[in-house]
Amino acid sequence: MTLYLLCFALFLVGLYGVIAKRDLIKIILAVGIMGYSANLFLILFAYKNGAIFPILTGAESVPMVDPLPQALVLTSIVIELGTTALLVALAVRLFQKYGTFDISKIRRLRG
Amino acid sequence: MTNSGMTVIVKTVTRITVWMILLYGFYIILHGHLTPGGGFGGGVIIALAFLNVLLAYGRQRTQEWLNIHLLEHIESLSALLFVLVGILGMVIGGAFLANFLSQGELFHIISAGTIPILNIIIGFKVAMSLFLVVWMLAGAKMSKGDTV
């Protein structure tokens, strides 16, 4: 239970960054932290104490952790990579237009 | 930011380690059907090796060392090859991505049918696209008032 709460605290750190920060780069990093906490939460769901990784190695059979969330999180990491690249590209375009990363100064249509 | 790269210490270390990182990436890709890892993980490691060179030596030297157009072609070609393997499975095995090679013996390098081939293709795709994304973003002109 403590681990889940810590995971939620990590999510709140990301949420704080998205809401309170003005720098676009910091916002993108905060979105990344939120994604990491979601991934960590899914992996923690699948975790079993004393179990091994779900890969065939030829060793004797012992309990293994659930492989389904791991496959899901692998996909999630790839998608997160894509969204981060998109966010950074948008930030670059905004900097080219407005000359700043400060979202409180990006207010009016320009150019 | 005049694309001249970092200090001589960073350059020397990069010159030695980039080949080790590339070798490790290929190891992860080739053992993808036996150990944790696979096409995506190994591809990311290969892309990071290239990014190491880009950070240490700067844009100009990297462009001389790597053929960026060739990397773009490899990226596009690997997606095509993946579909080709899938359609080959459809023709021979009856379903998309069906296995049509010998499954071999368990825990051998050459085993598991088409999975190692697909791992290699995915590895190249991930490596090239990840490197090219950062390459394009790093090449964007960021001087203030550039396009305004």
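Here is a short back-and-forth on a predicted two-chain model, chains A and B.

Residues are numbered from 1 along each chain as its sequence is written, while chains are lettered from A and ligands numbered from 1 in the order in which they are written. Because this is a predicted model, local features need pLDDT of at least 70 and side-chain atom pairs count only at pLDDT 80 or more, whereas totals for chains, interfaces and linings use all residues.

User: What are the ipTM and pTM of the model, and what is the mean pLDDT of chain A?
Analyst: pLDDT is the predictor's confidence in each residue, from 0 to 100. In chain A, 95% of the residues reach 70 or more. The model scores are ipTM 0.73 and pTM 0.80, and the mean pLDDT of chain A is 86.

User: Which element of chain B has the lowest mean pLDDT?
Analyst: Chain B averages 84 overall, with 95% of its residues scoring at least 70. Among its elements, α1(B) has the highest mean, 90. At the bottom, with 87, sits α2(B).

User: How many helices does chain A have?
Analyst: Helices here are DSSP runs (H or I, at least four residues) and strands likewise (E, at least two), numbered from the N terminus. Chain A reads α-α-α from the N terminus on, with zero strands. That puts the helix count at three.

User: What is the radius of gyration of chain A, set against a compact globule of 111 residues?
Analyst: The radius is taken over C-alpha atoms, and the globule rule is 2.2 Å times the number of residues to the power 0.38. A compact globule of 111 residues would come out near 13 Å. The C-alpha atoms of chain A fill a box of roughly 65 × 30 × 15 Å along the principal axes. The radius of gyration of chain A is 19 Å.

User: Why is chain B called more spread out than a compact globule?
Analyst: Chain B is α-α-α-α along the sequence, and its C-alpha atoms fill a box of roughly 55 × 40 × 20 Å along the principal axes. For 148 residues the globule rule gives 15 Å, and chain B is well over that, so it counts as more spread out, with a radius of gyration of 19 Å.

User: What share of the residues in chain B is buried?
Analyst: A residue is buried if 20 or more other C-beta atoms lie within 10 Å of its own, exposed if 12 or fewer, and partly exposed in between, with C-beta atoms placed from the backbone. For chain A, 6% of the 111 residues count as buried. For the 148 residues of chain B, the share is 27%.

User: Which residues of α2(A) are buried?
Analyst: This helix covers residues 24-46, and its 23 residues should span 33 Å at 1.5 Å a residue (times one less than the number of residues). Its end C-alpha atoms are 34 Å apart, which agrees. Its buried residues get cover from elements including α1 (2-20) and α3 (67-98) of chain A. They are Leu24(A), Ile27(A), Ile28(A) and Ala30(A).

User: Is Gly35(A) buried or partly exposed?
Analyst: Gly35(A) is found in helix α2 of chain A. Its C-alpha atom is 26 Å from that of Ala51(A), 16 residues apart along the chain. Because 19 other C-beta atoms lie within 10 Å, Gly35(A) is partly exposed.

User: Which helix gives the most to the largest nonpolar core?
Analyst: A nonpolar core is a set of buried Ala, Val, Leu, Ile, Met, Phe, Trp, Tyr and Cys residues joined through C-beta atoms within 7 Å. The largest has 23 residues, and those with the most contacts inside it include Phe50(B) and Phe131(B). At least two residues each come from α1 (8-30), α2 (39-65) and α4 (115-138) of chain B. The top contributor, with 11 residues, is α2(B).

User: Which residues does Tyr57(B) touch, leaving out those up to four places away in sequence?
Analyst: Tyr57(B) is found in helix α2 of chain B and counts as buried, with 22 C-beta neighbours inside 10 Å. Contact means C-beta atoms, placed from the backbone, within 7 Å. On that basis Tyr57(B) touches Gly5(B), Lys11(B) and Thr62(B).

Key
Contact = placed C-beta atoms within 7 Å.
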